[in-house]
Amino acid sequence: MTHQGHEVHGHEVFRTAPFPFPGDRFPEGLGAVVQRTVAEGLLPALTVVHDTEGDWLVGDGVNDPNLPDACQVHCLAHLAEADPAIAETATLPPGHAAYREGPGSPWVVQPFTYGEEGKGGLEGETAARTAGVGAAP
């Protein structure tokens, strides 16, 4: 995925898009790094991150996304069509993450930063809850 665009599943996706989004909806073509378990419908999305660089990450809150082949690039608008709960996170400001306990649970929004290993980041307790993408204070 690049700023210029990248072909995924037959159409181009982009790494970032101007925020806030028109109509509070994910724009067509905006890509995200998504855990395979979520993309394939095996587990629900329990973590959505909009980092300070404008990148989006969607995780299952259970499995380590850093393992080989654990994640793919997907179009957020298509994910939101398949799971309306993901659509609810389109207003998530940069530098924030939304977490939920399970399907049907409300999203809880918190500031987000990538943690350092051994300091509450990828190795910390929060990593299990955030699918290993970083740490929420």
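**Entry 1. Terms and overall layout**

I take a polar contact to be a pair of N or O atoms within 3.5 Å, where within protein one atom must be able to donate a hydrogen and the other to accept it. With that settled, I note that the model is a predicted one.

I looked up the secondary structure and found 4 helices and 8 strands in the protein. Read from the N terminus, the elements follow the order β-β-β-α-β-β-β-α-α-β-β-α. I also looked up burial: of the 137 residues in the protein, 44% are buried.

**Entry 2. D60**

I located D60 in the loop between β5 and β6 (71-75). Its side chain reaches the backbone nitrogen of V62 at 2.7 Å. The side chain of D60 also reaches the backbone nitrogen of N63, at 2.8 Å.

Which side chain of opposite charge is nearest to D60? I found R36, 11 Å away. Because a salt bridge requires a side-chain nitrogen of Lys or Arg within 4 Å of a carboxyl oxygen, I record D60 as buried yet without a salt bridge.

**Entry 3. Salt bridges**

I next turned to charged pairs in general. Side chains of opposite charge can pair when their charged atoms come close. How many salt bridges does the count give? It comes to 4.

I examined E53 and R15, which form a salt bridge with their closest N and O atoms 3.1 Å apart. This pair joins distant parts of the chain, 38 residues apart: E53 sits in the loop between β4 (47-50) and β5 (56-59), and R15 in the loop between β2 (11-13) and β3 (31-35). I entered E53 as exposed because its relative accessibility is 55%. R15, at 22%, counts as partly exposed. I further noted that R15, E53 and D55 are linked in a network of salt bridges.

I then examined R36, whose side chain meets that of E40 in a salt bridge at 3.5 Å, N to O. R36 counts as partly exposed, its relative accessibility being 29%. E40 is likewise entered as partly exposed, at 48%.

The side chains of R100 and D83 also meet in a salt bridge, at 3.7 Å from N to O. I placed R100 in the loop between β7 (96-99) and β8 (108-111), and D83 in the loop between α2 (76-82) and α3 (84-87); the pair links distant parts of the chain, 17 residues apart. Is R100 buried or exposed? Its relative accessibility is 8%, so I list R100 as buried. D83, with a relative accessible area of 21%, is partly exposed.

**Entry 4. Nonpolar surface patch**

I looked for nonpolar side chains at the surface. L42, L43 and V62 make a nonpolar surface patch of about 280 Å². V62 is also the residue whose backbone nitrogen the side chain of D60 reaches. I found L43 in the loop between α1 (36-39) and β4. L43 counts as partly exposed because its relative accessibility is 31%.

**Entry 5. Nonpolar core**

Finally, I looked up the interior. The largest nonpolar core has 22 residues, and those with the most contacts inside it are F26, W56, V58, L76 and I86. At least two residues of this core come from each of β3, β5, α2 and α3. Which element gives the most to this core? I found that α2 does, with 4 residues.

Notes:
Residues numbered from 1 in each chain as written. Predicted model: local features only at pLDDT ≥ 70, side-chain atom pairs only at ≥ 80, totals over all residues. Heavy atoms only, no water. Buried < 20%, exposed > 50% of the residue type's maximum accessible area, 1.4 Å probe, protein only. Lys, Arg positive; Asp, Glu negative; His and termini not counted. Patch = residues over 30% accessible without salt bridge, like charges linked within 9 Å, V, L, I, M, F, W, Y side chains within 5 Å. Areas by Shrake-Rupley, 256 points an atom, 1.4 Å probe, with all protein chains shown as cover. Core = buried A, V, L, I, M, F, W, Y, C linked by side-chain atoms within 4.5 Å.
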